[in-house]
Amino acid sequence: MTVSAPGARLAAAFARRRADDLPGLVAYVTAGYPRLSDTPDLLKAAERAGCIAAEVGIPFSDPLADGPTIQRSSHQALSNGITVNRALDHVASARGAGVSLPLALMTYVNPVLSYGSARFCADAAAAGADALIVPDLPAGEAGELQVEAERSGLALIFMLAPTTTEARLREACARGSGFVYCVSVTGITGARSHISEEAFELLARVGRFTDLPRALGFGLSRHEHLEALRGHAEAAVVASALIDAIAVGGDDPVGVAERFLAAMLRGGTG
């Protein structure tokens with residue numbers, strides 16, 4: 001089997017973006033939320049809305065980096081019966097339905113180790129995933145998983161916070177692939193009203209050490225945030241605000257998600 005370069009689909013998506021464009025929007029969905037079967041259709045909605053990529057969160061019972069919104073969605077998904085295998089099946093179903101959007105799996109070290117690093121990466125790639133994001137895995141401790149990810153053609157994306165030391169920042173930029181996930185604040189996920197100055201400083205620091213695209217996440221929720229990031233980041237991640245919209249949107253989560261994402265990208269109301 002021929003394995004593509006890690007994150008080849010991600011690289012192609014960012015290559016199509018012009019330097020003066022708005023940051024590409026990366027939509028986060030919790031696998032198995034709000035209903036167990038909704039994930040493939042939500043990924044289709046993200047593609048129709050014009051997102052550059054999507055993250056598929058695989059719920060874990062002890063989500064250290066997640067705020068109340070993602071924790072609630074993860075708890076609901078676990079109650080619905082989501083598992084690692086079912087999450088991978090959702091990715092495969094989305095690919096089978098024609099979704100070509102780059103897809104990154106986001107989970108924690110324990111589920112990966114329990115599944116087996118080599119098996120997890122191979123099965124994720126076979127399902128159609130392009131990348132892995134593991135928030136509690138520092139670049140300096142990622143050796144085994146990085147080898148297996150690269151062997152399967154998956155990008156391994158590291159998270160960097162405003163408090164990340166220069167040494168750790170250099171290492172993550174050197175070892176990462178796909179894009180660099182820049183965390184806008186020190187703390188957990190959750191929608192916020194504005195982008196902090198420390199977020200812009202972090203984006204500038206990262207830009208000095210890598211040519212990889214920079215994606216800012218944690219707290220982004222509106223079109224104005226994308227406008228503010230023009231020229232500072234190549235992508236923006238929306239997670240809690242999207243999950244919040246789905247939570248209060250009634251019995252049409254797919255339509256709610258598509259309208260919300262389209263409004264973030266183009267302005268107006270969802």
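Trainee: Which residues does Leu-105 touch, not counting residues up to four places away in sequence?
Mentor: Good place to start, and do keep in mind that this is a predicted model. Leu-105 is among the residues with the most contacts inside the largest nonpolar core. Setting aside residues up to four places away in sequence, the residues it touches are Val-56, Ile-58, Leu-88, Val-91, Phe-120, Ala-124, Ala-129, Ala-131, Leu-132 and Ile-133.

Trainee: How many residues does that largest nonpolar core have, and which helix gives the largest share?
Mentor: In soluble globular proteins, nonpolar side chains tend to be buried together. Here the largest nonpolar core has 100 residues, with Leu-105, Leu-229 and Leu-261 having the most contacts inside it. The largest share of this core, eight residues, comes from helix α12 (residues 253–266).

Trainee: Are the two faces of strand β3 covered or open, and which residues are on each side?
Mentor: In a regular strand the side chains alternate between the two faces of the sheet. In β3 (residues 103–106), Leu-103 and Leu-105 are on one side, and Ala-104 and Met-106 are on the other. Each of these four is buried, so both faces of the strand count as covered, with under 20% relative accessible area as the cut-off for buried.

Trainee: Which strands pair with β3, and in which sense?
Mentor: Let us take the partners in turn. Strand β2 (residues 53–57) pairs with β3 over four bridges, and Gly-57 stands opposite Met-106. Strand β4 (residues 131–133) pairs with β3 over three bridges, where Ala-131 is the bridge partner of Ala-104. The strands asked for are β2 and β4, and the sense is parallel.

Trainee: Is Thr-39 buried or exposed, and what is it in contact with?
Mentor: Thr-39 lies in helix α2. Its relative accessibility is 0%, so Thr-39 counts as buried. Leaving aside neighbours within four places in sequence, Thr-39 is in contact with Val-29, Thr-30, Ala-31, Gly-32, Tyr-33, Val-56 and His-90.

Trainee: Tyr-33 is in that list; which residue does a cis peptide bond join to Tyr-33?
Mentor: Most residues other than glycine have a negative phi, and most peptide bonds are trans. At this bond, omega is about 0°. The residue joined to Tyr-33 is found in the loop between β1 (24–30) and α2, and its name is Pro-34.

Trainee: What is the phi of Phe-218?
Mentor: Look in the loop between β8 (214–217) and α10 (223–229), where Phe-218 has its place. Phe-218 is buried, with a relative accessible area of 6%. Phi is positive here, in a residue other than glycine, and its value is near 80°.

Trainee: How far apart are the closest N and O atoms of Lys-44 and Asp-41?
Mentor: Lys-44 and Asp-41 are three residues apart in helix α2 (residues 39–49), so they are separated by about one helical turn. Lys-44 counts as partly exposed at 26% relative accessibility, and Asp-41 likewise counts as partly exposed at 31%. The two form a salt bridge, and the closest N and O atoms are 3.2 Å apart.

Trainee: And what is that distance for Asp-123 and Arg-119?
Mentor: This pair is in helix α6 (residues 117–127), four residues apart, which means about one helical turn between them. Asp-123 is partly exposed at 29%, and Arg-119 is partly exposed at 43%. In their salt bridge, the closest N and O atoms are 3.8 Å apart.

Trainee: Which residue forms a salt bridge with Arg-151?
Mentor: The partner lies with Arg-151 in helix α7 (residues 143–152), three residues apart. Arg-151 is exposed, with a relative accessible area of 53%, whereas the partner counts as buried at 14%. The closest N and O atoms are 3.1 Å apart, and the partner is Glu-148.

Trainee: What radius of gyration does the protein have?
Mentor: The C-alpha trace spans about 45 × 45 × 35 Å along its principal axes, and 58% of the 270 residues count as buried. A compact globule with 270 residues would have a radius of gyration near 18 Å, so the protein agrees with that expectation at 17 Å.

Notes:
Residues numbered from 1 in each chain as written. Predicted model: local features only at pLDDT ≥ 70, side-chain atom pairs only at ≥ 80, totals over all residues. Heavy atoms only, no water. Salt bridge = Lys/Arg side-chain N within 4 Å of Asp/Glu carboxyl O. Buried < 20%, exposed > 50% of the residue type's maximum accessible area, 1.4 Å probe, protein only. Core = buried A, V, L, I, M, F, W, Y, C linked by side-chain atoms within 4.5 Å. Contact = heavy atoms within 4.5 Å. Pairing = 2+ DSSP bridges. Rg over C-alpha atoms; globule rule 2.2 N^0.38 Å.
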